[in-house]
Amino acid sequence: MRVSAHTVCTAIRDDIIGGVLPPGARLAEEQLAHRYGVSRVPVREALRTLESEGFVVSRRHAGACVAQPGDREAADLLDVRGLLEPLGAARAAQRRTEAHLKVLRGLVRLGRQRAGQGQEADLRSLGDWFHETVARATCSPGLTSMLVQLRRKITWLYTTEPMSRAVPLWQERGALVDAIARGDAERARALSVAQLEHSTTVRRTPRQGAVRTPKPAVNTARGRI
């Protein structure tokens with residue numbers, strides 16, 4: 001079965017965000033093809049997409065490697081998030097559908113449950129899903145794309161919220177969903193701003209060196225894609 005470039009792109013991006021492929025790591029097409037169990041064609045297409053997203057850079061005579069954003073670029077992303085996420089929350093309150101609300105309420109319910117039980121492993125994926133759903137609830141493809149890209153970059157460059165913040169964080173997300181459900185754009189915007197002010201942002205320490213243990217081929221055993 002032919003594996004799409006989108007699937008390979010998702011796999012490589014996940015490994016970059018998760019630190020499996022560290023900043024500065026060389027991304028040789030042949031090695032990546034072997035790593036993910038695919039041909040070089042979808043790998044080449046995936047690397048072009050990831051370069052446009054800022055996760056990969058290509059250097060003359062050196063080929064592609066994982067990007068190494070500096071402190072200024074990382075700080076700028078936080079400033080952009082402070083402007084864009086409140087806008088996204090307001091637009092979601094104005095445009096969301098019942099399907100969006102159903103998913104958001106289900107995620108809040110699961111998030112509160114997992115946070116209360118201290119199940120830290122599930123909270124990151126639930127949080128990513130929550131923010132992506134809010135982004136999609138804006139019903140604006142351009143804004144959705146920017147919000148999702150921004151969230152991925154923040155996850156890559158900054159550590160996740162400490163477990164001590166998990167319960168209040170999901171309470172805040174629940175309040176945001178209530179505002180979105182009521183169509184209260186200003187309340188949703190204010191809650192998003194407050195949540196960002198409460199968030200803990202610590203720059204990740206880049207892991208330099210060799211690529212870590214290979215993962216299963218994307219066309220056989222990779223659950224998320």
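Tutor: Before we start, a quick definition: Lys and Arg count as positive and Asp and Glu as negative, while His and the chain ends are not counted. Also keep in mind that this is a predicted model.

Student: Okay, so how far apart are the mean positions of the positive and negative charges of the chain?

Tutor: Take the 36 positive charges and find their mean position, then do that for the 23 negative ones. The distance between those two mean positions is 3 Å.

Student: Which elements does the chain have, and in what order do they run from the N terminus on?

Tutor: There are 9 helices and 2 strands to place. Starting at the N terminus, the order is α-α-α-β-β-α-α-α-α-α-α.

Student: How compact is the chain, going by its radius of gyration?

Tutor: For 225 residues the globule rule gives 17 Å, and the chain comes close to that, so it is as compact as a globular protein of that length. Its C-alpha trace spans about 55 × 40 × 35 Å along the principal axes. The radius of gyration itself is 18 Å.

Student: What share of the residues counts as buried?

Tutor: Buried here means under 20% relative accessible area. Across the 225 residues of the chain, the share that passes is 46%.

Student: Which helix gives the largest share of the largest nonpolar core?

Tutor: That core has 35 residues, and Ile12, Ile16, Leu27, Leu47, Val56 and Trp156 have the most contacts inside it. Several elements supply at least two residues each, including helix 1 (5-17), helix 3 (40-53), strand 2 (63-66) and helix 7 (141-157). With 7 residues, the largest share comes from helix 7.

Student: And how many residues are in the other core?

Tutor: This one lies apart from the largest core. Among its members are Val108, Val134, Ala137 and Val177, and its residue count is 23.

Student: Back to Val56: which residues does Val56 touch, leaving out those up to four places away in sequence?

Tutor: Val56 is one of the residues with the most contacts inside the largest core. Skipping residues up to four places away in sequence, Val56 touches Ile16, Leu27, Leu47, Leu50, Glu51, Ala64, Cys65 and Ala67.

Student: One last thing, is Cys139 buried, partly exposed or exposed?

Tutor: Look in the loop between helix 6 (120-136) and helix 7, where Cys139 is found. Cys139 has a positive phi of about 55 degrees although it is not a glycine. Buried means under 20% and exposed over 50%. Cys139 has a relative accessible area of 44%, so it is partly exposed.

Technical notes:
Residues are numbered from 1 along each chain as its sequence is written. This is a predicted model: local features need pLDDT of at least 70, side-chain atom pairs count only at pLDDT 80 or more; totals for chains, interfaces and linings use all residues. Side-chain values use heavy atoms; hydrogens and water are left out. A nonpolar core is a set of buried Ala, Val, Leu, Ile, Met, Phe, Trp, Tyr and Cys residues joined through side-chain atoms within 4.5 Å. Buried means under 20% relative accessible area, exposed over 50%, partly exposed in between (1.4 Å probe, protein chains only). Helices (H or I, at least four residues) and strands (E, at least two) are DSSP runs, numbered from the N terminus. Contact means heavy atoms within 4.5 Å. The radius of gyration is taken over C-alpha atoms; the globule rule is 2.2 Å times the number of residues to the power 0.38. The place of a charge is taken as NZ of Lys, CZ of Arg, CG of Asp or CD of Glu.
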